[in-house]
Amino acid sequence: MKKNSNLRELMGYAGGHRYLTYLSLLLSAVSAVLALFPFVFLFRIIREVIEVAPNYAQATHIVRNGWMAVLFAVLSILVYVCTLMSSHLSAFRIAGNIRKALMAHIAELPLGFIGEMGSGKIRRIVNDSSAATETYLAHQLPDMSAAVTTPVCMIVMLFLFDWRFGLVSLLPVILGFAAMFKMAGPSMAEDMKLYQNALADMNNEAVEYVRGVPVVKTFGQTVHSFKRFKGTIDSYYDFVMAYCKKCRPSMLSYTVLVNSAFAFLIVLALILAGGGPVAQPVLLNFIFYVIFTPLIATAMTKVMFMSENGMIVADAMSRIHSILDVEPLPEPRNGKVPMDNDVVLENVTFRYTGGTTDALRDVTIRVGAGETVALVGPSGGGKTTVAGLISRFWDVGGGAIQIGGINVKDIPKETLMDTVAYVFQDSRLLKASILENVRLAKPNASRQEVERVLHEAQCDDIIQKLPQGIDTVIGTKGVYLSGGEQQRIAIARVMLKNAPILILDEATAFADPENEALVQRAFERLSQGRTVIMIAHRLTTIKNAGCIFVLREGRVEESGTHDTLVAGGGLYAKMWQDYQTSVSWKVGAAK
C-alpha cells in the first residue's frame, strides 16, 4: 500500500479547514502574479520617457502608469494577507489536532515507553514537531505556491521583451543552482535528520540536567558533572560547525552567481552596442532587465529552499510517527477480573528495548493476598523492573504475571489500574490545588473524602500551614512542599484510589527523619488489608515484611524473612551488616 504524502496526511488532521489550505495556495499564486504587474507599468514609464526625450512634457501617461503600478502592488499585498489568514487558520487547527492526537495516543501507551524515550524527547516531538508542521502550512506552503508561479511568469516576461536579455538573465541562475546541487542534493535529507537528532538529544539531556540542578548546587559541581549533557552539546556543536563548513563553498558560489545577473546584462549590452552608440530599444530593455532581474534571485532562492522545507516537515512527521506508530499494549477481547489480590511472577524474563542483556531472567515470586513483601538488592538488580511489570508498564518477554489467578494481559487496563496503586520514589504533583492533585485518583470524589484521606496520610500539618488549605495551588506565590510532604500528598492520592494491591518504590527516599516517621505512619494506614510490595534500600523499613526477595543481576538470589536471611549469611546478611555499619558510623572528633 502506498504511503500518503506528508501534505495529504496533514490534511487528514484539518477536517473542514483543509479547504482554507487549498484556498491559500490559490491566493498565493494570484498574489505572485499581481506582484509582477507593477514592473509592466514601470517598463511603460521608462519606455515613454526614453521615447519623448528630451521633450519630457510629452510624457502624458507617467502618472496613470504610476498609479496602476501602486494599485497592483496594493492588490498583491491584500491578497497575500488573505493568503496568510487562510493558511494560518488551517495550520493552527492542524497543529492543534496533531498535539491532541499525540497526547491521546501517549495516554494509551504504557509508562515504560515514556521512560525509555525520555520526557524531554517526547515534549520536543509534541511541541516542536507539531510547530514545524504549523510553520510549513502557514508560511512555507503558500510561499511554495508563489515560488512556483513567480518563476513561470517571470520567464514569460523575460523572453517577452527581449529573448537575448532574458536568456542572459537566466544564465547566472542556472550556474548558481549547479553550484548548490552538492549542498542541496540527496545528502541534505540525511544531514537534516542528523541535525534534528542532535537537537533532540541535547533537548532531552537538558531536561534531565535541569532536574538535577539541586544536586549540582548542593555539591558545588559544574556542568561537567553531567557528562552526557555536555557530550550532547559538544556533539551538536561539532555537527553544526562541520555542516556549515561543508555548505560554505556552495552557498558562497550560489549567492555570488544568482546576484550577478546585472554583470551579464552589461556584457550583453556592450556586445549589442558593437562599440557604437546604444540603440534606443537596447537601452530600454537593458534598463528594464537591470530593474527586473533582482527578483530572480529572490524567487529562485525560495525555490531552492522548497526542498529543505519539505525535508524539515518530512522529518517532523517521521518523529510524530515515532510516537503514533508505537502500538499500545494489546487489550484483551474478553477481559477478566481478578478474584483475589495475590500476585505471582512465574519464570519471568524481560529485556528492555534496545538492551543487550536481560533485565530479568527466570524470576519467580509469589505474594499472597494481604501479604507484605519486600524487594531488595544492589542497584540494577531488577527491583523496579519487577514492580513495573506487575503494573504492566511493559509486557514480559517470557513467563507470566498473574493477579488473582488471572494473567495481567487478560485484565482490562482500567481494571488493572484500579487494582494496582503505585507510589513512586519521586512523586510528582501538578501545578494545581492540593484538592485537585488528590482528586486525580478519583475525579468524582467529594471534598469530605479528600479531607479524610489527607488526614489519614498524616497531612494535617501541611494543610494547616497553607494559606488556602486544600485549595492552595502548589508552585505559585512561593508555595512549595518538601519531598517528604509531597510524598504524603501522593499517599493520600493513593488512599483515595483505594486499590487492593500497593507497590511502594523507594517511597521514603527523599524524606527527612521527621517526614519519614509521618510517611511510615501513613504507610501503615495505607497498607491495612492490602497486598503490599515494597522496594527499599533502607532495610529497617522492610525488616518486618512477611517475605524478603533479594535480587541481583536480574535473578532472585535468595528469599525469606529478615531473621532467616541474616542467619543464612548470604547477600542479604552482608547488606544488613553494611547498613548497620552506615547507621552507626559517626564523624570522629577532630584531633
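In this predicted model, the side chains of strand 7 are split between two directions: Ile501, Ile503 and Asp505 point one way, while Leu502 and Leu504 point the other way. Residues on both sides are buried, Asp505 among them. In a regular strand, side chains alternate between the two faces of the sheet. Strand 7 covers residues 501-505, and because five of its five residues are buried, the strand is largely enclosed by the rest of the structure.

Strand 7 pairs with strand 6 and also with strand 8. The pairings are set out below.

| Strand pair | Sense | Bridges | Residues standing opposite |
|---|---|---|---|
| Strand 6 (residues 420-423) and strand 7 | parallel | four bridges | Ala421 and Leu502 |
| Strand 7 and strand 8 (residues 531-535) | parallel | five bridges | Ile503 and Ile533 |

Leu502, which faces Ala421 across the pairing of strands 6 and 7, is one of the two residues on its side of strand 7, with Leu504. Ile503, opposite Ile533 of strand 8, points the other way from strand 7, as do Ile501 and Asp505.

A separate contact involves two helices. Helix 3 spans residues 62-108 and helix 5 spans residues 119-161; their axes lie 8 Å apart, at an angle of about 160 degrees. Angles over 145 degrees count as roughly antiparallel, and helix 3 and helix 5 are therefore roughly antiparallel to each other. The crossing of helix 3 past helix 5 is right-handed. The contact between helix 3 and helix 5 comprises 17 nonpolar, seven polar and three charged residues.

Technical notes:
Residues numbered from 1 in each chain as written. Predicted model: local features only at pLDDT ≥ 70, side-chain atom pairs only at ≥ 80, totals over all residues. Heavy atoms only, no water. Axes fitted to C-alpha atoms, helices over the stretch in contact; angles between N-to-C directions. Parallel < 35°, antiparallel > 145°, perpendicular 65-115°, else oblique. Left-handed = near helix turned anticlockwise from the far one by under 90°. Nonpolar A, V, L, I, M, F, W, Y, C, P; charged D, E, K, R; others polar. Buried < 20%, exposed > 50% of the residue type's maximum accessible area, 1.4 Å probe, protein only. Pairing = 2+ DSSP bridges.
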